[in-house]
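Please open the structure in your viewer and keep the selection panel at hand. The tour below goes stop by stop, saying what to select and what is there.

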Amino acid sequence: MGYNFSAGPATIYSEVLTQIHNDFLDYKGIGYSIIEASHRTSFYDKIHNDAIEQFKTLLKLGDDYHVVLLGGGATLQYAMLAYNFLSEGQVAQYINSGYWATAAIQNAKKTVKNDKNIEVVWDGSSNNFTRLPQEKELVIHEKSAYLHLTSNETIGGIQWKQFPNFGKVNVVADMCSDILSRTIDANAFSLIYAGTQKNLGISGVTVIAIKNSFLEKANNHLPDYLSYKKQVEKNSLLNTPPVFSVWVFERVLNHIIQLGGIEALDILNAKKADLIYQYLQECNGFYNSPIDFRYRSNMNVVFTLPSVELQNAFLVAAENANLTGLKGHRSVGGCRASIYNAMPIEGVEVLIEFMKHFKNTH
Ligand code: PMP
């Protein structure tokens, strides 16, 4: 039995995979596969609306939120955000916590005439993205179009544990890699977006929750697909949705509800992360986390070994032991264990045993 620690696409609940497998050729007795069905059929409609409703239920979003399902990944959201909410002359503020926050900033800059309209209020590059800002380090303007943050840096392995009080500004969060993994006050955000390929299913869908009062400010003069207002008006059925990805997303949400919702996942995810970080503390520096302990991610555990040679040997030995996906991102190197919702605690235990064995034999 192996475990896949890939950062995304990532491990999916085996129960969900089995269900998809069983229902794939003949969806609930309709005589054909759901991926052959029109997105205008009643059975697809139910999947689509159930996904939206379950997502709202799990995040405890109020009636003043709309949920939109789009293609294009989180990468498209970088541009859509600015196109929708940044009018000429306005400033949007961004917190730069690492690789993905940088991508959000760079893409937003490409949508405006003047780079000054994208203000970086805090930049972690000077400390190599090993910590996050304290509330007192941030000067947030209530008048800015929005404040953007990345709740979990998938590559850097750094995560906001508590969100500061940002005042009245509309807070927008890229939650790609920790969505539905822990209890948060989702209603404190004006917009949350996340691709589904880590905690929520497979690639192909990006889920976006938008507060109505924020949506009202959105630009009315955009091509249909790029307009949040148009997507809300059409219930994300403006064009052909990624039917298969939405189905998997809906099944994962349904499974999470059966597991006890976010509260249950929060406890389990903290336990998994504690186990591995505890071991990093105990291993006398053989494995080392560069991240300030206050911000270590419960989703992506990054670590290095004493030399590149040992690191490469570790990765080869891990693959041979059927522990895959542990190579760090090409931009930073090192190792990374992604332990999203669907990674069972046994997977983390097996990984730690493997790390102990490797250390003892090297
Ligand atoms: N933001 C974060 C935090 C991510 O982890 C990723 C993908 N790993 C992205 C954005 C980009 O997402 P996508 O590939 O779906 O465009």
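The stops that follow begin at a strand and then move to the ligand and its surroundings.

Bear in mind throughout that this is a predicted model.

Begin by selecting residues 65-70, which form strand S2, and note that this strand is mostly covered, with 5 of its 6 residues buried. Extend the selection to residues 206-211, strand S10, which runs antiparallel to S2 and is joined to it by 6 bridges. Within this pair, pick valine 68 and look across to S10, where isoleucine 208 stands opposite.

Next, select the ligand and display the residues that surround it, among them Gly73, Ala74, Thr75, Tyr78, Asn152, Cys176 and Lys198. Coloured by class, the residues of this shell divide into 4 nonpolar, 6 polar and 2 charged. Which helix gives the most to the shell around the ligand? Selecting residues 73-85 shows helix H3, which contributes 4 residues.

Now turn to the polar atoms of the ligand, taking the side chains one at a time. At threonine 154, an N or O atom of the side chain is 2.4 Å from an oxygen atom of the ligand, while at tryptophan 100 a polar side-chain atom lies 3.4 Å from an oxygen atom of the ligand. Select aspartate 174 last, where an N or O atom of the side chain is 2.6 Å from a nitrogen atom of the ligand. With these contacts on display, consider the cover over the ligand: taken alone it exposes 390 Å², and the protein buries 85% of that.

Note on methods: Residues are numbered from 1 along each chain as its sequence is written. This is a predicted model: local features need pLDDT of at least 70, side-chain atom pairs count only at pLDDT 80 or more; totals for chains, interfaces and linings use all residues. Side-chain values use heavy atoms; hydrogens and water are left out. Buried means under 20% relative accessible area, exposed over 50%, partly exposed in between (1.4 Å probe, protein chains only). Helices (H or I, at least four residues) and strands (E, at least two) are DSSP runs, numbered from the N terminus. Two strands pair if DSSP finds at least two bridges between them. A residue is near a molecule or strand if one of its heavy atoms lies within 4 Å of it. A polar contact is a pair of N or O atoms within 3.5 Å; within protein, one must be able to donate a hydrogen and the other to accept it, and residues adjacent in sequence count only if both atoms are side-chain atoms. Accessible areas come from the Shrake-Rupley method with a 1.4 Å probe; for residues, only the protein chains shown count as cover. Ala, Val, Leu, Ile, Met, Phe, Trp, Tyr, Cys and Pro count as nonpolar, Asp, Glu, Lys and Arg as charged, and the others, Gly among them, as polar.
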